[in-house]
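Work through the exercises below with the structure open. Each task is followed by a stepwise solution.

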Amino acid sequence: TPAAPPPPTSSSCRCLAFSSDGSALFCGTSKGSIVVWDWARRRRVRVRRSAHDAPISKLIFFQRHGGGEGGAGSGGGYLASGDERGEVKVWRISGGPRGRPKVILKKRFWSDGIDRDLDGDEDDGHDGKMASRGGVAGMCHIPRSEEVVVASEDGCLSTINVTSNTLTSFEYNEN
């Protein structure tokens with residue numbers, strides 16, 4: 001018998017991302033959860049409650065360089081999520097739409113200018129620069145690379161290298 005869908009969430013969807021093959025739809029919610037839909041069946045199949053401690057503002061799905069084409073339904077990919085307090089997480093997605101997202105990288109950027117690595121690796125090689133003074137306003141994956149570019153609400157840009165778990169930051173401000 002098919003598994004019962006997860007119980008409904010009591011939060012609203014704030015952002016969306018499809019897997020590259022269109023088999024899974026990811027929704028970031030106002031309560032910091034990630035909801036996974038099997039898009040072919042139009043069924044919610046998983047809810048990752050408390051994926052973040054703040055509302056999720058951005059989601060992107062991507063394949064890492066050398067990871068081949070496809071998406072959640074063809075062996076996996078990666079989902080990056082960013083929230084209103086400046087935390088970014090990268091999740092490994094495997095096993096199709098019903099696969100369980102596993103966090104592989106966590107970064108939160110604090111107002112004191114220190115990048116605090118949240119994955120437990122004390123020597124992560126980051127440059128110590130602040131990537132965000134506010135929430136995550138935008139994210140994109142650089143094609144044929146291992147990097148995700150993150151923009152904060154104050155206009156600061158940073159890149160996170162998913163393989164080496166390093167952060168490079170630079171300021172951008174129109175003023």
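## Exercise 1: The overall picture

In this predicted model, 42% of the contacts with a separation of 6 or more are between residues 24 or more positions apart.

**Task.** State the secondary structure content of the protein, its burial and its exposed surface.

**Solution.**
- Step 1. Count the elements. The protein has zero helices and 13 strands.
- Step 2. Read the order from the N terminus. The run is β-β-β-β-β-β-β-β-β-β-β-β-β.
- Step 3. Turn to burial. The protein has 175 residues, and 49% of them count as buried.
- Step 4. Take the surface. About 8700 Å² is exposed, and carbon and sulfur atoms supply 50% of it.

## Exercise 2: Confidence

**Task.** Find where in the protein confidence is lowest and where it is highest.

**Solution.**
- Step 1. Start with the average. The mean pLDDT is 78, and 69% of the residues reach 70 or more.
- Step 2. Locate the extremes. Strand β9 (residues 115-117) is lowest, at a mean of 49. Strand β5 (residues 56-62) is highest, at 96.
- Step 3. Look at the weak stretches. Residues 110-116 have pLDDT below 50, with 19 contacts in the model beyond near neighbours in sequence. Over residues 118-132 pLDDT also stays under 50, and here the model has 42 contacts beyond four places in sequence.

## Exercise 3: The four-stranded sheet

**Task.** Give the strand order of the open sheet and the sense of its pairing.

**Solution.**
- Step 1. Write the order. The four strands run β1-β2-β3-β4, with antiparallel pairing.
- Step 2. Find the edges. β1 and β4 (43-48) each pair on one side only, which makes them the edge strands.
- Step 3. Add the twist. From one strand to the next it averages 25 degrees.
- Step 4. Zoom in on one pair. β1 and strand β2 (residues 24-29) run antiparallel and are joined by five bridges. For a register check, Leu16 stands opposite Cys27 in β2.

## Exercise 4: Three salt bridges

**Task.** The structure holds three salt bridges. Identify the partners and classify the burial of each, taking under 20% relative accessible area as buried and over 50% as exposed.

**Solution.**
- Step 1. Take Glu84 and Arg14. Their closest N and O atoms are 2.6 Å apart. Glu84 lies in the loop between β6 (77-83) and β7 (87-93), and Arg14 lies in strand β1 (residues 13-18), so the pair ties together parts that are 70 residues apart in sequence. Glu84 has a relative accessible area of 33%, so it is partly exposed. Arg14 is partly exposed too, at 40%.
- Step 2. Take Arg41 and Asp38. Their side chains meet at 2.7 Å, N to O. Arg41 counts as exposed because its relative accessibility is 58%. Asp38 counts as buried, at 5%.
- Step 3. Take Lys89 and Glu87. The closest N and O atoms are 4.0 Å apart. Lys89 is buried, with a relative accessible area of 11%. Glu87 is buried as well, at 4%.

## Exercise 5: The surroundings of Val148

**Task.** Is Val148 buried or exposed? Which residues is Val148 in contact with, leaving aside neighbours within four places in sequence?

**Solution.**
- Step 1. Place the residue. Val148 lies in strand β11 (residues 147-152).
- Step 2. Check its area. Val148 has a relative accessible area of 2%, so it is buried.
- Step 3. List the contacts. They are Ile60, Phe62, Cys140, His141, Ser158, Thr159, Ile160 and Val162.
- Step 4. Compare sequence and space for one partner. Val148 and Ile160 are 12 residues apart in sequence, and their C-alpha atoms are 5.3 Å apart.

## Exercise 6: The β12-β13 hairpin

**Task.** Describe how β12 and β13 pair, and how the side chains along β13 alternate.

**Solution.**
- Step 1. Establish the pairing. Strand β12 (residues 157-161) and β13 are antiparallel over five bridges.
- Step 2. Fix the register. Asn161 stands opposite Thr166 in β13.
- Step 3. Inspect the turn. Four residues lie between the strands, and Asn165 takes a positive phi near 55 degrees.
- Step 4. Sort the faces of β13 (residues 166-170). Leu167 and Ser169 point to one face and are buried. Thr166, Thr168 and Phe170 point to the other face and are not buried.

Methods. Residues are numbered from 1 along each chain as its sequence is written. This is a predicted model: local features need pLDDT of at least 70, side-chain atom pairs count only at pLDDT 80 or more; totals for chains, interfaces and linings use all residues. Side-chain values use heavy atoms; hydrogens and water are left out. Helices (H or I, at least four residues) and strands (E, at least two) are DSSP runs, numbered from the N terminus. Buried means under 20% relative accessible area, exposed over 50%, partly exposed in between (1.4 Å probe, protein chains only). Contact means heavy atoms within 4.5 Å. Two strands pair if DSSP finds at least two bridges between them. Accessible areas come from the Shrake-Rupley method with a 1.4 Å probe; for residues, only the protein chains shown count as cover. pLDDT is the predictor's confidence in each residue, from 0 to 100. Axes are lines fitted to C-alpha atoms, for helices over the stretch in contact, and angles run from 0 to 180 degrees between N-to-C directions.
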